[in-house]
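Student: Could we go through the charged pairs and the unusual backbone spots of this protein together? I'd like to see how each answer is reached.

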Amino acid sequence: MGIYFLLLVVGLCWGQYNPNTLPKRTSIVHLFEWRWQDIAQECERYLAPNGFGGVQISPPNENVIITDPQRPWWERYQPVSYKLCTRSGNETEFRDMVTRCNNVGVHIYVDAVINHMCGANAGAGDHATCGSYFNSKTEDFPAVPYSSWDFNDQKCKSRSGNIENYHDISQVRDCRLASLLDLALEKEYVRSRIAGYLNQLVAIGVAGFRIDAAKHMWPADVKAILDKLEDLNTQWFPAGTKPFIYQEVIDLGGEPITGSQYFGNGRVTEFKYGAKLGTVLRKWDGEKMAYLKPVAMTGFVNIAGVKSGTWLSSVMWWMASLSPTGGTMAAIKWLLAVVTKASSSSIMMTGL
């Protein structure tokens with residue numbers, strides 16, 4: 001009985017490290033900026049029949065509409081509310097996508113923007129993807145609702161209110177990232193609003209979350225939010241299954257904030273891998289492709305606005321090059337060529 005209880009506790013503590021993919025499905029594709037209807041079709045037509053495990057989607061919650069420049073990708077990372085309507089689709093279409101993908105064994109992983117709201121200079125009005133009113137100057141977001149009390153202005157010690165020194169841990173975590181209004185995540189009310197949003201997605205059927213800008217949040221605040229998450233929907237997942245968590249922590253070395261500080265909350269995206277690959281591509285420091293070795297890891301392919309038919313067979317080559325039993329130089333060269341063209345990228349997960 002004692003051993004059983006110990007195993008149960010370990011399972012509960014480490015559940016967020018499990019991607020929850022079906023057996024022998026270890027690859028997740030990032031369908032960046034794709035519409036929900038198109039993702040649903042892709043799950044049914046190609047991803048499921050070819051053994052893919054899941055899809056990371058762009059943030060599904062309401063964001064500010066930016067017209068200068070005209071509708072850039074990064075407007076998706078400037079929330080106005082937690083309503084589920086963006087240019088990828090509305091809540092009905094989102095629910096349909098999650099259901100259809102889950103029904104064929106391909107799970108959905110949400111890019112969760114919880115560190116901040118929109119930029120301080122976004123203005124006031126209803127220029128948002130659901131039409132919700134907001135005022136960035138007064139920090140008023142009634143659709144959540146958030147007010148000026150829910151932001152870190154009083155905690156930030158930089159002169160501008162933005163991050164000015166990445167060697168100052170408090171600035172990185174308490175000040176505004178590129179003028180984005182920084183939420184006060186130590187407040188129980190803010191944590192509850194965010195957890196409510198994430199739990200709505202869990203109830204719909206998503207399998208986990210990429211935590212955007214995790215580096216700019218205190219690990220304890222992230223943990224407090226994650227501790228509020230419900231178990232995954234038992235229509236598609238075993239009872240007691242925890243959401244998969246992977247956090248964006250840009251750690252290239254030389255700064256006091258490191259990826260390992262977040263291992264207790266879930267997996268962490270490994271940025272040193274891409275930097276090292278870039279060094280090899282440019283033949284810096286005497287590096288050569290011949291020095292590369294195949295590695296076994298969970299695959300992750302970023303497909304940014306590319307339609308099926310142009311990448312499908314290539315992804316299979318990419319998977320072979322990273323499998324423990326495969327790995328030809330031709331496949332590795334293909335991967336390097338793709339990375340060079342910036343048409344896709346691979347991300348290693350660490351933290352186990």
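Tutor: Happily! Keep in mind that this is a predicted model. Let's begin with Arg 35, which has a relative accessible area of 43% and is therefore partly exposed.

Student: Which residue meets the side chain of Arg 35 in a salt bridge?

Tutor: Look for a carboxyl oxygen within 4 Å of a side-chain nitrogen. Here the N to O distance is 3.1 Å, and the partner is Asp 38.

Student: Is Asp 38 buried or exposed?

Tutor: The cut-off for buried is under 20% relative accessible area. Asp 38 has 12%, so the word for Asp 38 is buried.

Student: How many residues apart are Glu 75 and Arg 87, whose side chains meet in a salt bridge?

Tutor: Their N to O distance is 3.8 Å. Both sit in the loop between strand S2 (54–57) and helix H3 (91–103), and their separation along the chain is 12 residues.

Student: Which relative accessibility does Glu 75 have, and which does Arg 87 have?

Tutor: Arg 87 counts as partly exposed, at 31%. Glu 75 counts as buried, and its relative accessibility is 0%.

Student: Which residues are linked with Glu 75 and Arg 87 in a network of salt bridges?

Tutor: The network includes Glu 75 and Arg 87 themselves. The other members are Glu 33, Arg 71 and Arg 76.

Student: Which strands hold Arg 210 and Asp 111?

Tutor: These two form a salt bridge, with the closest N and O atoms 2.6 Å apart, and both are buried. The pair links distant parts of the chain, 99 residues apart. Arg 210 lies in strand S8 (residues 208–211), and Asp 111 lies in strand S3 (residues 107–112).

Student: How many salt bridges does the count come to?

Tutor: The count takes each pair that meets the 4 Å rule. By that rule the number is 23.

Student: On to the backbone: where is the proline that follows Asp 68 through a cis peptide bond?

Tutor: The bond from Asp 68 to Pro 69 has omega near 0°, making it cis. Pro 69 is found in the loop between S2 and H3.

Student: What is the phi of Asp 285, and is this residue buried or exposed?

Tutor: Asp 285 lies in the loop between helix H7 (271–281) and strand S11 (299–304). Its relative accessible area is 73%, so Asp 285 is exposed. Although Asp 285 is not a glycine, its phi is positive, at about 55°.

Technical notes:
Residues numbered from 1 in each chain as written. Predicted model: local features only at pLDDT ≥ 70, side-chain atom pairs only at ≥ 80, totals over all residues. Heavy atoms only, no water. Buried < 20%, exposed > 50% of the residue type's maximum accessible area, 1.4 Å probe, protein only. Helix = DSSP H or I, 4+ residues; strand = E, 2+ residues; numbered from the N terminus.
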